[in-house]
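Open your viewer and get the selection tool ready. We will go from stop to stop, with something to pick at each one and a word on what is there.

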Amino acid sequence: LPSQQFSALTEVLFRFLTEPKEVERFLTQLSDFATMNKISLGPLKNIVKSILLVPNGALKRNLSSEQVRADFIALGLSEEKASYFAEQWKVNSPTLTRLAVGQTLMINQLIDMEWKFGVTAGSSELEKVGSIFLQLKLVIKKGSQMENVYIELTLPQFYSFLHEMERVKTSLESFS
Amino acid sequence: MAALREGEFAALQSLLKAPSRDAVRQLCQECFSSPPAGLGPLAQRACPGLAAGPEEAEQLVSALHNLTRHVVYHGLTRAEDILCLFPENFHQNLKNLLTKIILENISAWRNEAQASQISLPRLVDMDWRVDIKTSSDSISRMAVPTCLLQLKIQEDVALCGNSPVVSAVTVELSKETLDTMLEGLGRIRDQLSAVANK
């Protein structure tokens, strides 16, 4: 492949890697590339599949761009193209790493939190109450389903919860 | 409005047969705390102490329950308010004793009523820990801190009676989620202080 087209193809590849959800767009861009350069789509797809294996493997093994370049050269790519790809890799690796970390297993991930608070005006046991209540709704992802958890807290509980969460934040910050 | 019906005040006079003031006090507390369904067995337990028949005991227990609950419901805190609930011809000493006992217990009873009112499941405890993720199947080396939060939740007290059901929910929070959560909690705190200062 002439270098200009190679860089165009690399661009398409990296755009897909950084936005893995845009599968349709990727496929459209690939077929556009194929028609523009008069390459048939089938073999192009196979080549692209094997090329994609390299960045994924590189991520898993935390390879530096030097190592990526060496890998490509070992696979038979010209030095110029390998260097170009390695450069692109260096530029994109923070995004790719972040994506990989984001995909890491999370147990019962907290997705959303809704809240409301109000005053209890009266009840069947007490005509006038006037106490404050706080209600939280936590949306938790359990496997592939969402579960809603409803909790009520008294005011002192709320303040102690807030205090604890601030301690967690300090702890998390000291580790990152 | 009348706290009790005519006959109920008459039933209260059975207390005159009680062995001691403490027995009366004890009975008042049990009658308040018992739900309507528990009054029957309570009456039966009270029979021997009062030398009263089952029917008399039942009427007494029911009357005491209604009287104490009425006072708590309306939030009566002054002796005069409670004294004027009783009819003219009610036994003076008994009236004073009952008023005294009620006044002693009123705030504890109020708290009890508030603690047992219906609510969404309540938070009873929370624990947390911070882990550092060092590797996974998608990336072999990383150092990502994450938080695990465990909330112990108790189901509605009224439903569980004496055996509360406590369930635990463990949630994982990333740093971003925690920051967003803290933002939300901060907003709640600000709104709470705005309400408190009004």
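## First stop: T120(A)

Select T120(A) and show its surroundings: leaving out residues up to four places away in sequence, T120(A) touches V129(A), G130(A), S131(A), F133(A) and Q117(B). So the list of contacts includes a residue of chain B, Q117(B), beside those of chain A. Keep in mind as you look around that this is a predicted model. T120(A) sits in strand β1 of chain A. Is T120(A) buried or exposed? With a relative accessibility of 16%, T120(A) counts as buried, because the cut-off for buried is under 20%.

## Colour by domain

Now zoom out and colour chain A by domain. The assignment divides chain A into domain 1 (3-105) and domain 2 (108-175). Put a marker at each C-alpha centre, and the two markers for chain A will be 45 Å apart.

Do the like for chain B, where domain 1 covers 6-116 and domain 2 covers 122-197. How many Å separate the centres of domain 1 and domain 2 of chain B? Taken over C-alpha atoms, the separation is 44 Å.

## Where the chains meet

Next, select the residues of each chain that are in contact with the other. Your selection should hold 54 residues from chain A and 52 residues from chain B. The area buried between chain A and chain B is about 5,000 Å², and carbon and sulfur atoms give 70% of that.

Turn on polar contacts between the chains: with both residues at pLDDT 80 or more, 15 residue pairs are counted between chain A and chain B. On the chain A side, the elements giving two or more residues to this contact are α3 (41-60), α5 (79-103), β1 (109-120), β2 (131-142), β3 (145-153) and α6 (155-175). Which element gives the largest share of that side? Select α6(A), which supplies 16 residues. If you colour the chain A side by class, you will find 29 nonpolar, 14 polar and 11 charged residues.

## Along α6 of chain A

Stay with helix α6 of chain A and pick E166(A), which is found there. Apart from neighbours within four places in sequence, E166(A) is in contact with L182(B) and R189(B). E166(A) has a relative accessibility of 37% and counts as partly exposed. For a sense of distance, draw a line from the C-alpha atom of E166(A) to that of Q4(A): these residues are 162 apart along the chain, and the line spans 52 Å.

## Salt bridges, one by one

Show the charged side chains. Over all chains, the count comes to 18 salt bridges, and 2 salt bridges are found across the interface of chain A and chain B. Pick E173(A) and K175(B), whose side chains meet in a salt bridge at 3.7 Å, N to O.

Within chain A, try K142(A) and E147(A), a salt bridge at 3.4 Å, N to O. K142(A) is partly exposed at 33% relative accessibility, and E147(A) is partly exposed at 30%.

In chain B, go to R78(B) and E80(B), which form a salt bridge with the closest N and O atoms 3.7 Å apart. Here R78(B) counts as partly exposed at 47% relative accessibility, and E80(B) is also partly exposed, with a relative accessible area of 47%.

Then select K152(B) and D125(B), whose side chains meet in a salt bridge at 3.9 Å, N to O. What does this pair tie together? K152(B) lies in strand β2 (residues 144-154) and D125(B) in strand β1 (residues 122-133) of chain B, so the pair links parts that are 27 residues apart in sequence. K152(B) is partly exposed at 28%, and D125(B) is partly exposed at 35%.

To finish with the charges, select K169(A), E173(A), K175(B) and D179(B) together: salt bridges that share partners join them into one network.

## Last stop: N105(B)

End in helix α6 (residues 92-115) of chain B, where you will find N105(B). N105(B) is buried, with a relative accessible area of 9%. Draw a distance from the side chain of N105(B) to the backbone oxygen of I101(B), and your viewer should show 3.0 Å.

Conventions. Residues are numbered from 1 along each chain as its sequence is written. Chains are lettered from A and ligands numbered from 1 in the order in which they are written. Side-chain values use heavy atoms; hydrogens and water are left out. Domain bounds come from an automatic or database domain assignment. Contact means heavy atoms within 4.5 Å. Buried area is the accessible area (1.4 Å probe) that two parts lose on being put together, summed over both. A salt bridge is a side-chain nitrogen of Lys or Arg within 4 Å of a carboxyl oxygen of Asp or Glu. A polar contact is a pair of N or O atoms within 3.5 Å; within protein, one must be able to donate a hydrogen and the other to accept it, and residues adjacent in sequence count only if both atoms are side-chain atoms. Helices (H or I, at least four residues) and strands (E, at least two) are DSSP runs, numbered from the N terminus. Ala, Val, Leu, Ile, Met, Phe, Trp, Tyr, Cys and Pro count as nonpolar, Asp, Glu, Lys and Arg as charged, and the others, Gly among them, as polar. Buried means under 20% relative accessible area, exposed over 50%, partly exposed in between (1.4 Å probe, protein chains only).
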